[in-house]
Amino acid sequence: AFAVFLTYSKIKNNSKEIIDYQEKIKNSEMELIKYIFYDEKGLLRNNKFIAKSILEIVVALTSRNNQDTNFNFLLFYLSLANFLDPNFDETDYYIAKIYQILENYSKAEFFYNKVNLNHRLYIDSQRNIAINKSKMGLPFEGEKKLLNLLNNYENNNSLRLALADLYRVEEKYREAIQHYNKIIETQDSSSPEYWKLFYLRGICYERMKQWDLAEVDFLLSLKINPDSPNVLNYLAYGWLERDKNIDQAMEMLEQAYNANPDSYYILDSLAWAYFKKNQFQKAAKLMEEVIEMVPGEVISLDHL
C-alpha cells in the first residue's frame, strides 16, 4: 500500500495515469484498513488485534532502513497501538527503538523500562539502555548496568558482547578481550556473527601493540568469512605498515573496495598500497577522491 504513494509522485502529468493511480491508492487504502481493522470474515477485530496489526506494519517499514522514513508518522501509529493495548510490550519496545535512532536516549530509556520483566524483549531493552548510556557519555553507568544484568543472566552472550564492545570503545582493551574470549568459548561456531568476534578481539590486540595475536585473529576471521571488507582492510593495512605481503595486501584492498566503494577508510588504505609500490600518481589520485568524500579529515590530508 505504501509503495503506491512513493510511485505516485513520480508519474507523468497525464490525467489517465493520475486517475489510475488515484484508484490504486484508494484500493490500497481500503486493503490496509481491512488488514488492520477486520478479520478474514469481515468482522471488526478487538483492540488487541488492531494494535498487533498496526505494529506489524510499523515493524515492516522500520526494517527497510530508508533514510526518508517519517519517524513521527511511525511514532503516531505506535502510540495509537499503545493506546489500544496499554499492556502491549512490543509497542513500547519499538517506540524506544525509534527514539534511539533519533538519539533521544532519555525517551528511549523511558519506553524500554516499560517492557515487562518476563517479556522476551526485556533483556534487549535493558541492554539497549546500557549501550545508550555510553553514547550519552556515561560509560560508567552503562558498564555498571551491563555487569548487573550479567549477574542475573550470566550465559547471555548478547549482554557480554555489549560489555566487551563498551570496553573496546573506552580503550579498556584487556577487559574487552576477557569478555570476547568468554563469548568465543561458548558461542556456536556456526553463528553468522562468529567471524566478527575474532575481528573485534583482533582490533584490541592491535591497539595493545600485540600484532602477532591480532594477525592470527584477523586471519581466523577471514577463514570464516572471506568477504568482510573491514577485516580485509584492517589486516591489509597492518601488513602495509610493516612492509609485509604488499602484493597480497593490495589484492585484499581491491576486493574490499569493490565490496564497499563508499568507505573512505578502505580507499585511503588502497592509496597507501599504491604509495608503497611507488605508484605515486595513482596513490595521489585515490587520496584526492578520499578528500572529496571527507574534506575535513586531517589524517587523509596528511596522507595526500
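**Notebook: two loop glutamates, helix H12 and the largest pocket**

I located Glu171 in the loop between helix H9 (157–169) and helix H10 (173–186). The model I am reading is a predicted one.

Entry 1, backbone of Glu171. I looked up phi for Glu171 and found a positive value of about 65°, although the residue is not a glycine. I then asked whether Glu171 is buried or exposed. Its relative accessibility is 58%, and a residue counts as exposed when the value is over 50%, so I recorded Glu171 as exposed.

Entry 2, Glu103. I next turned to the loop between helix H5 (89–101) and helix H6 (105–112), where Glu103 has its place. Phi of Glu103 is near 65°, and I noted this as a positive value in a residue other than glycine. For Glu103 I read a relative accessible area of 57%, which makes this residue exposed.

Entry 3, length of H12. I checked the span of helix H12, which comprises the 14 residues 211–224. At 1.5 Å a residue the helix should span 20 Å, and I found its end C-alpha atoms 20 Å apart, so the two values agree.

Entry 4, faces of H12. Which residues of H12 are buried? I listed Trp211, Ala214, Glu215, Asp217, Phe218, Ser221 and Leu222. I viewed the helix down its axis: the buried residues of H12 fall within an arc of 165°, and therefore they line one face. On the face turned away from this buried side I noted the exposed residues Asp212 and Lys223. I also looked up what the buried residues of H12 pack against, and recorded H11, H13 and helix H14 (246–259).

Entry 5, the largest pocket. I read a volume of about 490 Å³ for the largest pocket. Its lining consists of 17 residues, and those closest to the pocket centre are Asn233, Tyr237, Tyr265, Ser269 and Ile299. I then sorted the lining by element: helix H11 (194–207), helix H13 (229–241), helix H15 (264–276) and helix H17 (298–303) are the elements that give two or more residues. Which element gives the largest share of the lining? I found that H13 does, with five residues. By residue class, I divided the lining into six nonpolar, five polar and six charged residues.

Entry 6, cross-reference. I noted that H11 and H13 appear in two of my entries: the buried residues of H12 pack against both, and both give two or more residues to the lining of the largest pocket.

Methods: Residues are numbered from 1 along each chain as its sequence is written. This is a predicted model: local features need pLDDT of at least 70, side-chain atom pairs count only at pLDDT 80 or more; totals for chains, interfaces and linings use all residues. Side-chain values use heavy atoms; hydrogens and water are left out. On a 1 Å grid over the protein atoms alone, a cavity is a set of points where a 1.4 Å probe fits but cannot get out, and a pocket is an open set with protein on both sides within 12 Å along at least five of seven lines; lining residues have an atom within 4 Å of a point. Grid points are joined across faces, edges and corners, and a volume is the space filled by probe spheres set on the points. Ala, Val, Leu, Ile, Met, Phe, Trp, Tyr, Cys and Pro count as nonpolar, Asp, Glu, Lys and Arg as charged, and the others, Gly among them, as polar. The expected span of a helix is 1.5 Å times one less than its number of residues. Buried means under 20% relative accessible area, exposed over 50%, partly exposed in between (1.4 Å probe, protein chains only). The arc is that of the directions from the helix axis to the C-beta atoms. Contact means heavy atoms within 4.5 Å.
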